[in-house]
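Hi there,

Here is the structure I promised to pass on to you. Have a look at it first, and my notes on what turned up follow below.

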Amino acid sequence: LVDGAHNPASAATLSTFITRFIRTPARSRVHLAFILSLSHSPPKTPLDTLSSLFSYSAAEGTEMTTSVAALGFTPVDGMPWVKHVPPAEIVATTRCLKADARAWTPPDGEEVNQAHIRQALEWSAVQVIESGSQGLVILAGSLYLVADFYRIFMEQASA
């Protein structure tokens, strides 16, 4: 699932969809694998957006597990002021909200590139498969990350 969900309101809307996915039909075990990037844009904080995103709820008796691949997005052409929230900050915020979430980030200090996004996609898919649950991989949090994803998708489609 690809959704920008780049602010608290759109993250809450995505969370409502996730709740419906979990509950209809009722699922006994669910793993949600998030691939997240956030734009640095004060006064909106990562906690504002992620607390809205992680407000989904499962039916009683549903076993839920979560993983988060946190990364940046590639530099935006012609917009050098657009920056991403450091992946470590996304993981720290996630752990405040979902203490048991597994996390992945690209190596520290490396400039974000499409290889990181591919690695995050692969890692997230493995998390769902290894959980033995029904699952969903959700790429969200930044329209710039969505653009990076679609560039990869279009390259694959034309190959």
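Three salt bridges are present in the structure, which is a predicted model. Let me take them one by one.

Arg-29 and Glu-63 bring their side chains together in one of them, with N to O at 3.7 Å. Arg-29 belongs to strand β2 (residues 29-36) and Glu-63 to strand β3 (residues 63-70), so this salt bridge ties together parts that are 34 residues apart in sequence. How open to the surroundings are the two partners? Arg-29 has 34% relative accessibility and so counts as partly exposed. Glu-63 is partly exposed too, because its relative accessible area is 42%, and partly exposed is the class between 20% and 50%.

Another salt bridge pairs Arg-118 with Glu-155, and here the closest N and O atoms are 3.2 Å apart. This pair also links distant parts of the chain: Arg-118 sits in helix α4 (residues 114-131) and Glu-155 in helix α5, 37 residues apart. With 27% relative accessibility, Arg-118 is classed as partly exposed, and Glu-155, at 40% relative accessible area, is partly exposed as well.

The remaining pair is Asp-148 and Arg-151, whose side chains meet with N to O at 2.5 Å. Both residues are in helix α5, three residues apart, which is about one turn of the helix. Which of these two is buried, and which is partly exposed? Asp-148 is the buried one, since its relative accessible area is 0% and the cut-off for buried is under 20%. Arg-151 has a relative accessible area of 41% and is therefore partly exposed.

Helix α5, which covers residues 143-158, also holds Tyr-150. Together with Phe-153 and Met-154, Tyr-150 makes a nonpolar surface patch of about 320 Å². Tyr-150 itself has 38% relative accessibility, so it counts as partly exposed. That value also meets the condition for patch membership, because patch residues need over 30% relative accessible area.

Now to the pocket, which I expect you will want to look at yourself. The largest one holds about 290 Å³ of space. Its lining consists of 19 residues, and those nearest the centre are Phe-73, His-84, Glu-110, Glu-111 and Val-112. What is the make-up of the lining in nonpolar, polar and charged residues? Ten are nonpolar, five are polar and four are charged.

The backbone has a few details to check as well. Thr-24 and Pro-25 are joined by a cis peptide bond, with omega at about -10 degrees. Pro-25 is placed in the loop between α1 and β2. A further cis peptide bond runs from Pro-42 to Pro-43, where omega is near 10 degrees. Pro-43 is found in the loop between β2 and α2 (46-53).

That loop between β2 and α2 is also the place of Thr-45. Thr-45 has a relative accessible area of 34%, so it is partly exposed. Its C-alpha atom is separated by 9.5 Å from that of Pro-8, although the two residues are 37 residues apart along the chain.

Finally, the loop between β1 and α1. Ala-5 lies there, and its phi is near 40 degrees, a positive value in a residue other than glycine. Is Ala-5 buried or exposed? Ala-5 is buried, because its relative accessible area is 3%. His-6 is in this loop too, between β1 (2-3) and α1 (8-23). Unlike Ala-5, which is buried, His-6 is partly exposed, with a relative accessible area of 31%. How far is the C-alpha atom of His-6 from that of Leu-139? The separation is 11 Å, for residues that are 133 residues apart along the chain.

If you would like some places to start in the viewer, I would pick these:

- the salt bridge of Asp-148 and Arg-151 in helix α5, with the buried Asp-148;
- the nonpolar surface patch of Tyr-150, Phe-153 and Met-154;
- the largest pocket, beginning from the residues nearest its centre, Phe-73 and His-84 among them;
- the cis peptide bonds, from Thr-24 to Pro-25 and from Pro-42 to Pro-43.

Happy to talk it through whenever suits you.

Best wishes

Key: Residues are numbered from 1 along each chain as its sequence is written. This is a predicted model: local features need pLDDT of at least 70, side-chain atom pairs count only at pLDDT 80 or more; totals for chains, interfaces and linings use all residues. Side-chain values use heavy atoms; hydrogens and water are left out. On a 1 Å grid over the protein atoms alone, a cavity is a set of points where a 1.4 Å probe fits but cannot get out, and a pocket is an open set with protein on both sides within 12 Å along at least five of seven lines; lining residues have an atom within 4 Å of a point. Grid points are joined across faces, edges and corners, and a volume is the space filled by probe spheres set on the points. Ala, Val, Leu, Ile, Met, Phe, Trp, Tyr, Cys and Pro count as nonpolar, Asp, Glu, Lys and Arg as charged, and the others, Gly among them, as polar. Patches are made of residues with over 30% relative accessible area and no salt bridge: like charges are joined within 9 Å, nonpolar side chains (Val, Leu, Ile, Met, Phe, Trp, Tyr) within 5 Å. Accessible areas come from the Shrake-Rupley method with a 1.4 Å probe; for residues, only the protein chains shown count as cover. A salt bridge is a side-chain nitrogen of Lys or Arg within 4 Å of a carboxyl oxygen of Asp or Glu. Helices (H or I, at least four residues) and strands (E, at least two) are DSSP runs, numbered from the N terminus. Buried means under 20% relative accessible area, exposed over 50%, partly exposed in between (1.4 Å probe, protein chains only).
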